[in-house]
Amino acid sequence: MFDDHLKVITVIKEAGEVIGRKKLQKMIYIAKKLNFPFQEKYEFHFYGPYSEELTLRVEELCNLGYVYETKEKVSGYSQYRYSLNKEGEEFLASYGKNIPKLGECVRSMNEQSSRFLELVSTILFFSHLPEDEVKVKIQTLKAKQKYTEEEIQEGYTFISQLENCIVK
């Protein structure tokens, strides 16, 4: 039962701190698409791929006292910060499993903005389509974000960098 919870804790530990619910959602979705062992089901939502399962899992981890969730007001909206506390560290030390290469990928993703990870996760969501069709989907579904051709190309480049980090 707690295996999937431990994987989420591992991501937060490797990141040090994750700022934003959307960012955590995108990081785990991207890791899943890179074939890391995440089981959450995702659907396309307002901000790209979204998992209700993951939302509930993070809520459980906070309620169980393994993860700190700090709410703060930023520019008129609520932003959440996630970090591991002592109990979470001990739980992970006792029951966690090493997931090779995950840490490097998580740290790389955590350095990116939520907006950029939204783009990357959207590219991956439609990865079964040809690249030109993916661009049309992004420009249609993400019109408000106004992603440029250059940003979309940066998204593809970032995905390649993450894939290369796994192969090393």
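Good morning. In what follows, Lys and Arg count as positive charges and Asp and Glu as negative ones, while His and the chain ends are left out. The structure before you is a predicted model. With that way of counting, the protein chain carries 24 positive and 26 negative charges, and the mean positions of the two groups lie 2 Å apart.

Let me turn to the overall fold. The protein chain contains 8 helices and 5 strands. Read from the N terminus, their order is α-β-α-β-β-α-β-β-α-α-α-α-α. The radius of gyration is 16 Å, close to the 15 Å that the globule rule gives for 168 residues, so the chain is as compact as a globular protein of that length. Its C-alpha trace spans about 45 × 45 × 25 Å along the principal axes.

Next, the interior and the surface. Of the 168 residues, 45% are buried. Among contacts between residues at least 6 apart in sequence, 66% join residues at least 24 apart. The chain exposes about 9300 Å², and carbon and sulfur atoms supply 50% of that area.

I shall close with one helix, α7, which comprises residues 131-141. Which residues of α7 are buried? They are Val134, Lys135 and Ile138. These three lie on the same side of α7, because they cover an arc of only 100 degrees around the axis. As general background, an α-helix has 3.6 residues a turn, so residues three or four places apart point the same way. The buried residues of α7 pack against α6, residues 114-125, and α8, residues 149-167. On the other side of α7, Asp132 and Thr140 are exposed. Thank you.

Note on methods
Residues numbered from 1 in each chain as written. Predicted model: local features only at pLDDT ≥ 70, side-chain atom pairs only at ≥ 80, totals over all residues. Heavy atoms only, no water. Buried < 20%, exposed > 50% of the residue type's maximum accessible area, 1.4 Å probe, protein only. Helix = DSSP H or I, 4+ residues; strand = E, 2+ residues; numbered from the N terminus. Arc of directions from axis to C-beta. Contact = heavy atoms within 4.5 Å. Rg over C-alpha atoms; globule rule 2.2 N^0.38 Å. Areas by Shrake-Rupley, 256 points an atom, 1.4 Å probe, with all protein chains shown as cover. Charge placed at Lys NZ, Arg CZ, Asp CG, Glu CD.
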